[in-house]
Amino acid sequence: MKTVALLLSSLLLAATAHANEPAAVAAKPDLGKGGAISSQVCAACHTADGSRGSPANPILQGQHAEYLAKQLTEFKSGKRKNPVMQGMAAPLSEDDIRNVAAFYAAKTAKPGFAKNKDTVALGEKIYRGGIAERNVPACAGCHGANGSGLPVQYPRLGGQHGDYVEAQMTAFRSGARANNPVMVTVAAKMNDKEIKAVSDYIAGLR
């Protein structure tokens, strides 16, 4: 019995010591490695620094690192569907994803401009006040008054390409993009004119 008691006592001490150990700290992102991935893997579509490339592709400069990492992880797993991005994300490790996301987040996004002055008022109304009769919430409620967004859940929108925002809203509405249930529900209640207007307004938001 004494042997059993000593064994139990030793196990308890070991467990207590392990519980008191400091939690492992995640490695700090390596911006140099992130920049190399950007240049070697991402530059063809997003430019080497994630700046204002083709309107069909998102501007990555200044985007929240947590949000970018989430999207890359979901492309890799197939939760977010896009054949090109799934192929690009597939070989990236967790460290690669963290590094390249931090690289883009460390950049300062350049301002954009709305293109259609005839729909700016409608776009602003939807962004700031939603569409009450259809229970469409104001975009500003989640993405911020100036489009700054919230890390992980809500991306920075201010200055983003209007064409890209419109394409994503349309994809949410059709169900082609389904990795955010809130946006699927919101977009389902909006028509083409409203999506186009708010997307163009977002392009000039700052």
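Asn99 touches Pro29, Asp30, Lys33 and Gly34, with residues up to four places away in sequence not counted; contact here means heavy atoms within 4.5 Å. The structure is a predicted model, in which local features need pLDDT of at least 70 and side-chain atom pairs count only at pLDDT 80 or more, whereas totals for chains, interfaces and linings use all residues. Residues are numbered from 1 along each chain as its sequence is written, and side-chain values use heavy atoms, with hydrogens and water left out. Asn99 lies in helix H5 (residues 94-105), where helices (H or I, at least four residues) and strands (E, at least two) are DSSP runs numbered from the N terminus. With a relative accessibility of 6%, Asn99 counts as buried; the term buried applies under 20% relative accessible area, exposed over 50%, and partly exposed in between (1.4 Å probe, protein chains only).

The chain contains ten helices and zero strands, and from the N terminus on its elements run α-α-α-α-α-α-α-α-α-α. Of its 206 residues, 38% are classed as buried. Among the contacts in the chain with a separation of 6 or more, 66% are between residues 24 or more positions apart. The exposed area of the chain is about 11600 Å², of which carbon and sulfur atoms supply 62%; accessible areas were obtained by the Shrake-Rupley method with a 1.4 Å probe, and for residues only the protein chains shown count as cover.

Two packed helices are described by the angle between their axes and the distance between the axes. Axes are lines fitted to C-alpha atoms, for helices over the stretch in contact, and angles run from 0 to 180 degrees between N-to-C directions. Helix H2 (residues 31-46) packs against H5 at an angle of about 90°, and the two axes are 7 Å apart. H2 is therefore roughly perpendicular to H5, given that angles under 35 degrees count as roughly parallel, over 145 as roughly antiparallel, 65 to 115 as roughly perpendicular and the rest as oblique. On the H2 side, the contact is made by Leu31, Lys33, Gly34, Gly35, Ile37, Ser38 and Cys42. H5 contributes Asp96, Asn99, Val100, Ala102, Phe103 and Tyr104.

A second pair is formed by helix H6 (residues 120-129) and helix H10 (residues 192-203), whose axes come within 7 Å and cross at roughly 90°. This crossing makes H6 roughly perpendicular to H10. In H6, the residues involved are Val120, Leu122, Gly123, Glu124, Ile126, Tyr127 and Arg128. They meet Lys193, Glu194, Ala197, Val198, Tyr201 and Ile202 in H10.

H10 is mostly covered, with nine of its twelve residues buried. The buried residues are Glu194, Ile195, Ala197, Val198, Ser199, Asp200, Tyr201, Ile202 and Ala203, and they pack against H6 and H8. At 1.5 Å a residue, the twelve residues of H10 should span 16 Å, and the 17 Å between its end C-alpha atoms agrees with this value; the expected span of a helix is 1.5 Å times one less than its number of residues.

For helix H3 (residues 65-77), the 13 residues should span 18 Å at 1.5 Å a residue, and the end C-alpha atoms are 18 Å apart, in agreement. Tyr67, Leu68, Gln71, Leu72, Glu74 and Phe75 of H3 are buried. These residues lie on the same side of H3, because they cover an arc of only 165° around the axis, the arc being that of the directions from the helix axis to the C-beta atoms. The cover over the buried residues of H3 includes helix H4 (83-89) and H5. Gly78 follows H3 and has a positive phi, near 90°.

Several loop positions were also examined. Ala178 is located in the loop between helix H8 (162-174) and helix H9 (181-187) and is exposed, at a relative accessible area of 51%. Ala178 is separated from Lys79 by 99 residues in sequence, yet their C-alpha atoms are 7.9 Å apart in space. Asn135, in the loop between H6 and helix H7 (140-143), has a phi near 55°, a positive value in a residue other than glycine. Asn135 is exposed, with a relative accessible area of 62%. Val152 occupies the loop between H7 and H8; its phi is near 70°, likewise a positive value in a residue other than glycine. With a relative accessible area of 38%, Val152 is partly exposed.
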